[in-house]
Every structure is written in structure tokens, then in C-alpha cells.
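Colleague: Can you walk me through this one? I have the structure open and would like to start with the helices, then look at the rings.

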Amino acid sequence: MKYTSYLSSAKRHSHACQALIEKINILIGQDDRIEERNFLVLSLYYLSGYIVECSLKFKIFEVSNYDENIEISDHECRILGINYKKDIRIHDFSKLQDFIDSLNIDISYTSGNNDIDILLNNWKPDVRYEHSNLDYESIYKMYQHTVQFLRKM
């Protein structure tokens, strides 16, 4: 895989989120389909998190001057000071952010909005297995933030 695939994935996730939002908006007010709507909101949260994760990973490689024409490998990463398993193969936004900060890049996944930042900081891939009723408006605001974050890439 080439590191530019992370950016492509983030964009794909954003497009999928748009489709979810359209469907969720159709289901609003349909009390007999609330379970389906809750599932879609959970999926929106899940994919929005991956927009952030993939964007952060792309930015790490980009600012590290990783050659976009070669496949990601442990060897090439080590040459640039990246420990692929420790620094990239993780799902922790704060650790990815710490790595970006160590490169003196002024970009942050946080929004400055406490509610959105709580959702971001609580995100993990396992969220897709949880059965929780998330507030759609909050998740939608988080998604809007991830779109703005993606545009910075």
C-alpha cells in the first residue's frame, strides 16, 4: 500500500458518510424505524472517526517526505524515523497527533468544541459493535468537523 491510499480512504469514508446522512434524514420522524436510524448514526460515527485516523496517517507520511511512489514498509519507515507498528498501526488519535506534533506541524484533529472533542476522544474502532443511542445532531457536527479537517490535507 502507498501512503496516499490513506487520503483516498478518508475521502471514500466521507462519501459514505454523506450517503448515511441522506438516509438518516429520511428516517427522522419515523418512529417504527428508530432502531435502523440508530444503527446508521452509529455507522456515521464509526466512519467519521476513520476520516480523522486516515487523514492523520496520511499527513504523517506526507510531512515525513515518504516517497509517494513506493509501498509502505517497515524498512522505509525506519529510515524516516517512523516505527510503523508503534506510530501508524494504531487507532489512537492522540498518539497520532503526538507524532505529528513532534514533526512541528501545526495541524490538529481537535475542533475546539468540547462536545465534538469528547466524541473524537472517545472514538475507537470497536464502536461499531456497541449498541448505543448516539445523538444524531452531535455526530453530524462531528462529521462536519471531520470534513473540514480532511480539507486541510
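**Helices and aromatic pairs**

Modeller: Start at the end of α2: the helix is followed by N65, which has a positive phi, near 60°. Keep in mind that this is a predicted model.

Colleague: What span should the 30 residues of α2 have, and what are its end C-alpha atoms apart by?

Modeller: At 1.5 Å a residue the expected span is 44 Å, and the end C-alpha atoms are 44 Å apart, so the two agree.

Colleague: Is α2 largely enclosed or not, and how many of its residues are buried?

Modeller: Of its 30 residues, 24 are buried, so α2 is largely enclosed by the rest of the structure.

Colleague: OK, rings. How many aromatic pairs are there?

Modeller: The structure holds 10 aromatic pairs. One of them is Y50 with W123: the ring centres are 4.9 Å apart and the planes are at 85°, and planes over 60 degrees apart count as edge-to-face, so this pair is edge-to-face.

Colleague: Where do Y50 and W123 sit in the chain?

Modeller: Y50 is in helix α2 (residues 34-63), and W123 is in the loop between α6 (114-122) and α7 (136-151). They are 73 residues apart, so the pair links distant parts of the chain.

Colleague: Buried or exposed, those two, Y50 and W123?

Modeller: Y50 is buried, and W123 is buried as well.

Colleague: What about Y136 and Y140, what kind of pair do they form?

Modeller: A tilted one, with 6.0 Å centre to centre and 45° between the planes. Both residues lie in helix α7, four residues apart, which is about one turn of the helix.

Colleague: Why would that spacing matter for direction?

Modeller: An α-helix has 3.6 residues a turn, so residues three or four places apart point the same way.

Colleague: And how buried or exposed are Y136 and Y140?

Modeller: Y136 has 6% relative accessibility and counts as buried. Y140 is partly exposed, with a relative accessible area of 26%.

Colleague: Which residues form the aromatic cluster?

Modeller: Y3, Y6, F58, F61 and Y66 form one aromatic cluster.

Colleague: Back to helices. At what angle do α6 and α7 pack?

Modeller: About 85°, with the axes 9 Å apart. That makes α6 roughly perpendicular to α7.

Colleague: Which residues make the contact?

Modeller: From α6 it is I116, L119 and L120, and from α7 it is S138, I139, K141, M142 and H145. By class, the contact of α6 with α7 has five nonpolar, two polar and one charged residues.

Note on methods
Residues numbered from 1 in each chain as written. Predicted model: local features only at pLDDT ≥ 70, side-chain atom pairs only at ≥ 80, totals over all residues. Heavy atoms only, no water. Phe/Tyr/Trp six-rings, centres within 6.5 Å; stacked < 30°, edge-to-face > 60°. Helix = DSSP H or I, 4+ residues; strand = E, 2+ residues; numbered from the N terminus. Buried < 20%, exposed > 50% of the residue type's maximum accessible area, 1.4 Å probe, protein only. Expected span 1.5 Å × (residues − 1). Axes fitted to C-alpha atoms, helices over the stretch in contact; angles between N-to-C directions. Parallel < 35°, antiparallel > 145°, perpendicular 65-115°, else oblique. Contact = heavy atoms within 4.5 Å. Nonpolar A, V, L, I, M, F, W, Y, C, P; charged D, E, K, R; others polar.
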